[in-house]
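Thanks for making the time this morning. I would like to walk you through one model, so please have the sequence and the structure open while I talk.

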Amino acid sequence: MINEQQNTAKTEQKNCKDYLLYSNKTAISSQRIEELLFDKDCRVLTFDTIDSTNLYLKKLAEDGANEKTIVVANHQTNGKGRLGRSFYSPADSGIYFSILLKPNIELKNAVNVTTCAGVAMCLTLEKMFGIKPKIKWVNDIFVNDKKVCGILTEAAVDSDTNKPKYVVLGVGCNLFVPKDDFPTEISDIAGSVVQSKENSIADRNAVIAHFLNVFFELCASLGSSEIYEMYKERMFLLGQKVKVMSSEQFEAEIIDINPDFSLKLKLENGEIFNLNTGEVSVRSLSV
Ligand code: BTN
């Protein structure tokens with residue numbers, strides 16, 4: 001059983017001698033990441049510039065790459081977001097990586113991979129930066145009311161079993177303020193973990209490795225009530241009115257999150273409605 005304290009304590013004990021968060025060696029390095037990983041089955045491939053780590057890893061997966069192949073880039077020219085959006089991925093400021101997984105799960109439970117990653121990223125940012133991030137359903141992480149991290153889970157389905165043949169989990173997190181700031185189109189919603197340009201010296205390799213260590217540990221209990229509780233504790237907008245953006249747009253209050261990670265909403269007419277993940281997003285009325 002994992003509880004958060006046990007998990008944090010275990011990770012802390014294992015991490016304290018190895019991780020040097022602030023160092024001058026901030027370039028992305030596969031060797032440095034692999035050195036810091038507990039799971040020696042992981043293979044890390046790094047790129048300075050790539051179109052999208054998800055796109056690249058999906059090609060590798062189709063060519064038979066092993067589970068726990070990880071692709072990391074310093075810069076993406078065509079970073080992919082959910083719902084066909086793009087993910088701004090400038091050089092030297094964020095962490096952009098994709099992980100190949102081959103979990104033996106039902107397709108409908110692939111959401112557990114996303115939510116597990118959301119919790120793992122919160123635990124990482126809490127531990128390494130001493131901040132309290134919030135998870136905006138289903139896959140965005142917010143700090144000071146700005147989105148700092150997005151998660152894109154893509155699954156290829158085995159037509160015989162209707163289970164995932166593989167899952168590519170993509171994570172993008174803005175650690176530092178980009179050199180040229182965020183483009184005006186996203187400057188109202190996008191933020192970074194470290195908000196002062198002068199402090200942009202955290203070792204991104206250490207942050208990626210910490211995330212991977214926590215994530216793989218949590219993955220051992222994918223779908224557990226412990227992960228659900230950790231997710232729920234960190235939820236953004238719980239108890240607030242939101243705008244639901246699907247084929248129709250409507251306003252509702254988020255009253256709870258169900259154990260299957262569907263959102264429990266109270267509609268304006270008082271009716272209770274469970275919203276599943278998929279082609280929908282929720283937006284705060286105030287942002
Ligand atoms: C979202 O915010 O909708 C999800 C963003 C996911 C971005 C990451 S960055 C690494 C990986 N490669 C991509 O092209 N996308 C994901």
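**Helix packing and the sheet**

Let me start with two helices, where Val113, Cys116, Ala117, Val119, Ala120, Met121, Leu123, Thr124, Lys127, Met128 and Phe129 in α4 meet Ala206, Val207, His210, Phe211, Val214, Phe215, Leu218 and Cys219 in α5. If we sort the residues of this contact by class, they divide into 16 nonpolar, 2 polar and 1 charged. Before going further I should say that this is a predicted model, and I would ask you to keep that in mind throughout.

How do α4 and α5 pack against each other? Their axes are 8 Å apart and the angle between them is about 135°, and since angles over 145 degrees would be needed to count as roughly antiparallel, α4 and α5 are therefore described as oblique to each other. The crossing in which α4 passes α5 is right-handed.

Helix α4, which covers residues 111-129, also packs with helix α6, residues 225-233, and here the angle is about 60° while the axes lie 9 Å apart. This pair, α4 and α6, is therefore oblique as well, although the crossing in which α4 passes α6 is left-handed. On the α4 side the contact is made by Thr115, Cys116, Val119 and Leu123, and on the α6 side by Ile227, Met230 and Tyr231. By class, this contact of α4 with α6 has 6 nonpolar residues, 1 polar residue and no charged ones. You may have noticed that Cys116, Val119 and Leu123 of α4 appear in the contact with α5 and again in the contact with α6.

Now let me turn to the sheet, which is open, has 7 strands with mixed pairing, and follows the order β1-β2-β3-β7-β6-β5-β4. Which strands stand at its edges? They are β1, residues 43-50, and β4, residues 134-136, and each has a single partner strand, so one side of each is left without a neighbour in the sheet. From one strand to the next, the twist averages 20°.

Within that sheet, strand β2, residues 69-76, and strand β3, residues 94-101, run antiparallel and are joined by 4 bridges. If you want one position to look at, take Ala73, whose bridge partner in β3 is Tyr96.

Finally, helix and sheet come together at α5, residues 204-219, which lies across β2, β3 and β7, the last of these being residues 163-174. Relative to β3, helix α5 runs at about 35°.

Terms used
Residues are numbered from 1 along each chain as its sequence is written. This is a predicted model: local features need pLDDT of at least 70, side-chain atom pairs count only at pLDDT 80 or more; totals for chains, interfaces and linings use all residues. Side-chain values use heavy atoms; hydrogens and water are left out. Two strands pair if DSSP finds at least two bridges between them. Axes are lines fitted to C-alpha atoms, for helices over the stretch in contact, and angles run from 0 to 180 degrees between N-to-C directions. Contact means heavy atoms within 4.5 Å. Angles under 35 degrees count as roughly parallel, over 145 as roughly antiparallel, 65 to 115 as roughly perpendicular and the rest as oblique. A crossing is left-handed if the near helix is turned anticlockwise from the far one by less than a right angle, and right-handed if clockwise. Ala, Val, Leu, Ile, Met, Phe, Trp, Tyr, Cys and Pro count as nonpolar, Asp, Glu, Lys and Arg as charged, and the others, Gly among them, as polar.
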